[in-house]
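Me: Please take a close look at one part of this model and describe how its strands and helices are arranged. I have not seen this structure before.

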Amino acid sequence: MSKMPAAIATKLREIQCDEIPIPFPTKNKVLVKTKLASICGSDLHITHMGWNVTEFPLPHGYPGHEGIGLVVDGGETDFSEGDLVLTVPNIWLSRCFAGYQLLDPQFLLKISSKMPMSHLLMAQQLGTVVFGSQKLPSLSEKTVAVIGQGSVGLFHDFILRRMGAKQIIVIEPVKERLKAATNMGATHLIDVTGEKAVDAVLDITDGRGADVVVEAVGSVETLNQSLKLVRRFGRIAAFGLPPTMEKIPFDWDTFFRKCVNMHSVFGAQDEAGLPAFKKALELIETKEINMSPLITHQIPIQEVQYAFDLADSKDDGALKVSLTFE
């Protein structure tokens with residue numbers, strides 16, 4: 001077989017499956033046959049909102065960066081045929097939405113676990129949350145608000161609980177996601193958005209605001225909302241990607257008056273040895289975190305448009321939508 005299925009975004013919000021040649025094995029590169037690839041919120045920011053896009057069509061397989069598969073050819077590296085690997089390419093090089101990928105070995109982790117691939121695949125996104133948590137201050141006896149309860153927000157609940165947060169307030173209008181948040185460690189559930197959500201957080205914190213706010217959506221509204229939720233001298237972790245390449249409105253006055261510390265989260269894939277992803281795999285393999293409730297939909301790559309639309313709409317209780325390649 002010399003052809004493989006590969007997704008290609010042809011225009012904004014339109015993505016299809018093509019048949020293209022399988023890459024040739026190359027020295028110092030690892031050829032991996034993709035078994036599963038999950039759709040991340042950042043993929044939707046690129047394909048459905050146009051972030052980091054200058055023109056269409058996008059490259060085949062892009063922007064998939066959460067994958068798991070089997071090594072076909074090790075390219076004279078430390079990887080061998082048959083190795084099960086987590087594929088965590090840098091976003092600029094990502095091609096996980098294709099049947100085969102040619103990857104630098106620095107973006108691969110060998111997996112020896114017998115756990116389901118669908119569970120192990122979640123180590124990519126969990127790993128980015130582990131990486132981002134390293135920038136947070138001590139959370140002992142602190143209150144944290146998390147905007148959004150997609151898989152990133154849910155993983156934050158889990159990590160924040162492990163870090164000792166006293167209160168984890170989550171904001172999410174989708175009922176199924178709030179239920180999952182309780183299982184991940186959330187202490188307070190807010191099912192409204194906008195100013196009503198701000199009022200609810202201020203009520204819970206006696207008007208003070210949260211010590212730390214995690215923005216896990218990536219929208220103009222939620223970015224500015226985080227400034228209203230955080231206390232004076234508090235910290236904001238901007239995890240969500242921008243929704244556009246254009247400059248966005250920012251509530252500089254509130255940011256300035258509250259003396260807020262704010263940071264973005266990016267670069268987990270570029271750490272030598274991929275320590276954050278190794279830690280994520282350990283948490284999954286030891287069953288400290290249960291991935292079963294998060295894995296809601298697996299859809300064949302040939303139905304990639306439906307899969308992306310489902311991930312975007314969040315219908316049918318969709319939490320994590322993955323593409324299959326069998």
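Reply: The description below starts with a sheet and then turns to two helix pairs. The model is predicted, so local features need pLDDT of at least 70 and side-chain atom pairs count only at pLDDT 80 or more, while totals for chains, interfaces and linings use all residues. Residues are numbered from 1 along each chain as its sequence is written, and side-chain values use heavy atoms, leaving out hydrogens and water.

The sheet is open and has six strands (DSSP runs of E, at least two residues, numbered from the N terminus). Their order is E10-E9-E8-E11-E12-E13, and the pairing is parallel. Strands pair if DSSP finds at least two bridges between them. At the edges lie strand E10, residues 188–190, and strand E13, residues 261–264, each of which pairs on one side only. On average, neighbouring strands of this sheet are turned by 15° against each other, ignoring direction.

At the E10 edge, strand E9 (residues 167–171) runs parallel to E10, and three bridges join the two. In one of these strands, E10, His188 is the bridge partner of Ile169.

Next come the helices (DSSP runs of H or I, at least four residues). Helix H4 covers residues 151–162 and helix H5 residues 175–184; their axes come within 8 Å and cross at roughly 20°. Axes are lines fitted to C-alpha atoms over the stretch in contact, and angles run from 0 to 180 degrees between N-to-C directions. H4 is therefore roughly parallel to H5 (an angle under 35 degrees). From H4, the contact (heavy atoms within 4.5 Å) takes in Leu154, Asp157, Phe158 and Arg161, and from H5 it takes in Arg177, Ala180, Ala181, Asn183 and Met184. By class, the contact of H4 with H5 has five nonpolar residues, one polar and three charged.

The second pair is helix H6, residues 194–204, and helix H7, residues 220–229. Their axes lie 10 Å apart, and the helices pack at an angle of about 25°. H6 and H7 are therefore roughly parallel to each other. On the H6 side, Gly194, Glu195, Ala197, Val198, Val201 and Leu202 meet Gln225, Lys228 and Leu229 in H7. The residues of the contact of H6 with H7 are five nonpolar, two polar and two charged.

Technical notes:
Parallel < 35°, antiparallel > 145°, perpendicular 65-115°, else oblique. Nonpolar A, V, L, I, M, F, W, Y, C, P; charged D, E, K, R; others polar.
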